[in-house]
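User: Please take me through this model, one question at a time. Begin with the terms.

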Amino acid sequence: MSTLLTRNRVIGLLLALVIAGVDQVIKWYVIGPLALREVRNIELLPFFDLTYVENRGVSLGLLTAQSMEMRWALVAMTALIALVVLVWIMRERLIGDILGLSMILGGAIGNIRDRYELGYVIDYADLHIGTFRPFLVFNVADAAITIGVVIILIRSFFGSDKDDTDTSNEQSSAAGAEQPAKN
């Protein structure tokens, strides 16, 4: 395995850990020092509030865990998805795809930790235009997952087949060295 591929994967895994860490620190801050759990809503800007929500489901509130068994099933299901994403990162060659997948993994880790520790995911970011709310209340982990998915979709639909890691150049030069020169 080339050192460039190893470096790209390490960068991706570090990005995932940073996203999960930032997500957890912000959640600690909004429920700790800001006491958002008690005050329920803090108006920050005309278009952005901090609003405390306990999300017991997955994306868009789907698959709501209404029992302990369902809670642990959601933990297991999301952990399995995170494991698949981790394996995908380790097999991926393109840095753009690795970074998108890393955002998904980091967000998943942050939300899995909440669901494991609390039984729900803490959401707090409330983007709105007046009373119109184009999004449900979300958190950093949700935003990272969404951005990561968008990156992967854009790269898969509009990306080129060119290898961002330049491993194709390494392989072709190595293959050229093995073949006898043509005269």
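Analyst: A residue is called buried under 20% relative accessible area, exposed over 50%, and partly exposed in between (1.4 Å probe, protein chains only). The model is predicted: local features need pLDDT of at least 70, side-chain atom pairs count only at pLDDT 80 or more, and totals for chains, interfaces and linings use all residues. Residues are numbered from 1 along each chain as its sequence is written, and side-chain values use heavy atoms, with hydrogens and water left out.

User: Is N111 buried or exposed?

Analyst: N111 is placed in helix α4; helices (H or I, at least four residues) and strands (E, at least two) are DSSP runs, numbered from the N terminus. N111 counts as buried because its relative accessible area is 11%.

User: Which side chain does the side chain of N111 join in a polar contact?

Analyst: A polar contact is a pair of N or O atoms within 3.5 Å; within protein, one must be able to donate a hydrogen and the other to accept it, and residues adjacent in sequence count only if both atoms are side-chain atoms. Contact in general means heavy atoms within 4.5 Å. Leaving aside neighbours within four places in sequence, N111 is in contact with D23, K27, V121, N139, A141, D142 and I145. The polar contact, at 3.2 Å, is with the side chain of N139.

User: How many residues of α4 are buried?

Analyst: Helix α4 covers residues 95–118 and reaches 34 Å from its first C-alpha to its last, close to the 34 Å expected at 1.5 Å a residue. The expected span is 1.5 Å times one less than the number of residues. The helix is mostly covered, and of its 24 residues the buried ones number 17.

User: Which element gives the most to the largest nonpolar core?

Analyst: A nonpolar core is a set of buried Ala, Val, Leu, Ile, Met, Phe, Trp, Tyr and Cys residues joined through side-chain atoms within 4.5 Å. The largest one has 11 residues, among them A16, A82, A108 and I152. Two or more residues come from each of α3 (68–91) and α4. The most, six residues, come from α4.

User: Which strands stand at the edges of the sheet?

Analyst: The open sheet has three strands in the order β1-β2-β3, with antiparallel pairing; two strands pair if DSSP finds at least two bridges between them. One side of each edge strand is left without a neighbour in the sheet, because each has a single partner strand; these are β1 (41–45) and β3.

User: What is the bridge partner of F48 in β3?

Analyst: Strand β2 (residues 48–55) pairs with β3 in the antiparallel sense over six bridges. Along this pairing, D49 stands opposite D126. The partner of F48 is L127.

User: At what angle to β3 does α1 run?

Analyst: Axes are lines fitted to C-alpha atoms, for helices over the stretch in contact, and angles run from 0 to 180 degrees between N-to-C directions. Helix α4 lies across β2 and β3, at about 130° to β3. Helix α1 also lies across β2 and β3, and its angle to β3 is about 80°.
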